[in-house]
Amino acid sequence: MTRRRILVTSAGGPGAVNLTRSLLAMTPCPFVACVEASPYYAFLALGHVRALVPRTRDREAFLDALNRLVDTHAIDFVMPNGSIEIAALSEARDRLQARVFLPDPATLALADSKWASHEIWRDAGLPVPETHLIDAPATLRAVFPRLQREPDAPVWVRGAGIPGKGIGVASLPCRTVDQAIHWVDYWNGWGGMIASEFLPGDNLTWMGLFDAGRLVTSQGRRRLAYVIPHVSPSGITGAPAISHTVHDPELNRIGEAAALALDRAFTGVCFVDLKGDADGRPRITELNAGRFGTTHYFYTAAGANFPAMLLATAYGEPLDVPRQDILPPDLYWIRTLDAGPVLTTREAIDAGRYPVFDPDAPGQWPLVPQDLHDYPISRDPLWR
């Protein structure tokens with residue numbers, strides 16, 4: 001196999017750190033150049049070279065910096081794992097002097113808008129929670145009783161992701177309509193926030209790799225607990241502390257259909273978030289297009305290196321992998337702040353078989369050579 005030369009953007013963030021861990025686990029190991037806009041998070045990046053670049057909002061300077069690094073280090077592939085960089089590089093792929101494998105800009109825009117994607121899935125007959133765009137207090141007062149399925153049950157109020165609104169996630173489970181109105185008021189979010197019925201069931205996610213509408217491979221998992229849940233009113237922070245693989249035909253069907261409903265020729269990776277309803281049936285809440293998710297290194301450690309498979313797909317290399325359930329069920333990934341992660345099984349948990357850690361044994365953890373941190377960070381003013 002050819003030794004690839006890859007540039008990873010925002011490489012000090014958790015999703016990109018796990019991306020570079022996956023890349024560095026490949027055989028042969030690729031050359032990895034890491035770029036960061038933060039002079040602090042650059043120290044967390046794992047790569048053979050690191051450089052500071054302008055922030056993505058300074059689009060021209062950002063692209064110029066990337067192209068200079070592509071030329072300097074003979075980079076042949078650029079891999080972002082953050083939504084801002086993904087959108088920028090998808091739009092500017094013709095100007096970038098290296099290859100990318102990303103969804104089209106229009107597909108990314110649909111995925112980023114939770115309201116637009118919800119409408120598409122609803123109209124396609126896919127399972128979604130009942131959801132309404134909130135344009136005024138009167139609208140919220142009208143829909144709140146029908147969304148509150150039981151007395152004192154919460155109604156999920158959050159940013160709709162509509163471009164130009166700038167609200168972000170802003171999620172809050174509201175138990176009264178007055179709470180919901182105050183929450184939307186706080187964000188000045190009328191016309192830019194949605195209200196949905198609360199789904200009490202399993203918290204699920206499905207990740208799939210696509211090539212022009214063809215599903216290459218995929219895997220689903222269930223999230224059981226989150227890192228620092230006390231900082232979020234919902235107890236959900238987006239950073240799973242405990243999760244495990246699942247084999248669920250309905251999850252597989254819905255995940256694939258959700259991506260293809262947004263783009264029949266979907267290209268690249270995505271992960272679909274779903275929540276179980278009162279009867280345990282999964283319903284789609286959102287789709288994150290073009291990125292692997294924060295903890296995808298779980299799959300690499302278990303034997304399914306999605307970044308490596310994306311590279312192979314992008315270069316037209318054959319892959320002999322199942323379309324669905326590439327990993328066994330009930331593999332567990334356990335982590336928290338500054339501890340773990342650990343890969344284990346349901347059997348080991350039930351039997352109380354805990355891994356033995358020998359601090360004198362090399363290579364147990366972390367799985368990436370720490371001498372990568374010793375490489376200098378370029379401070380060329382042209383890259384600032």
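**Close-up 1. The largest nonpolar core in this predicted model has 44 residues.** If you want to know who does most of the touching in there, look for I75, V78, L89, W121, F210, I284 and L287, the residues with the most contacts inside this core. Helices and strands both chip in: the elements giving two or more residues are α2 (59-72), α3 (83-91), α4 (105-112) and α8 (249-262), plus β2 (31-36), β9 (203-211), β12 (268-276) and β13 (282-289).

**Close-up 2. A second core lies apart from the 44-residue one.** This other core has 36 residues, and M26, F298, A308 and A314 are among them.

**Close-up 3. Here are the neighbours of I284.** Leaving out residues up to four places away in sequence, I284 touches W121, L126, P127, V128 and P129. Its contacts also include I254 and A258, along with V272, D273 and L274.

**Close-up 4. C29 and C34: buried or partly exposed?** C29 comes out as partly exposed, because its relative accessibility is 27%. C34, on the other hand, is buried, with a relative accessible area of 2%. Don't go hunting for a disulfide here, or anywhere else: a search of the whole structure finds zero.

**Close-up 5. G191 sits in the loop between α7 (177-187) and β8 (193-197).** Despite the loop address, G191 counts as buried, because its relative accessibility is 18% and the cut-off for buried is under 20%. Check out L133 in this view too: G191 and L133 are 58 residues apart in sequence, with their C-alpha atoms 6.7 Å apart in space.

Conventions. Residues are numbered from 1 along each chain as its sequence is written. This is a predicted model: local features need pLDDT of at least 70, side-chain atom pairs count only at pLDDT 80 or more; totals for chains, interfaces and linings use all residues. Side-chain values use heavy atoms; hydrogens and water are left out. A nonpolar core is a set of buried Ala, Val, Leu, Ile, Met, Phe, Trp, Tyr and Cys residues joined through side-chain atoms within 4.5 Å. Buried means under 20% relative accessible area, exposed over 50%, partly exposed in between (1.4 Å probe, protein chains only). Helices (H or I, at least four residues) and strands (E, at least two) are DSSP runs, numbered from the N terminus. Contact means heavy atoms within 4.5 Å. A disulfide is a pair of cysteine sulfur atoms within 2.5 Å.
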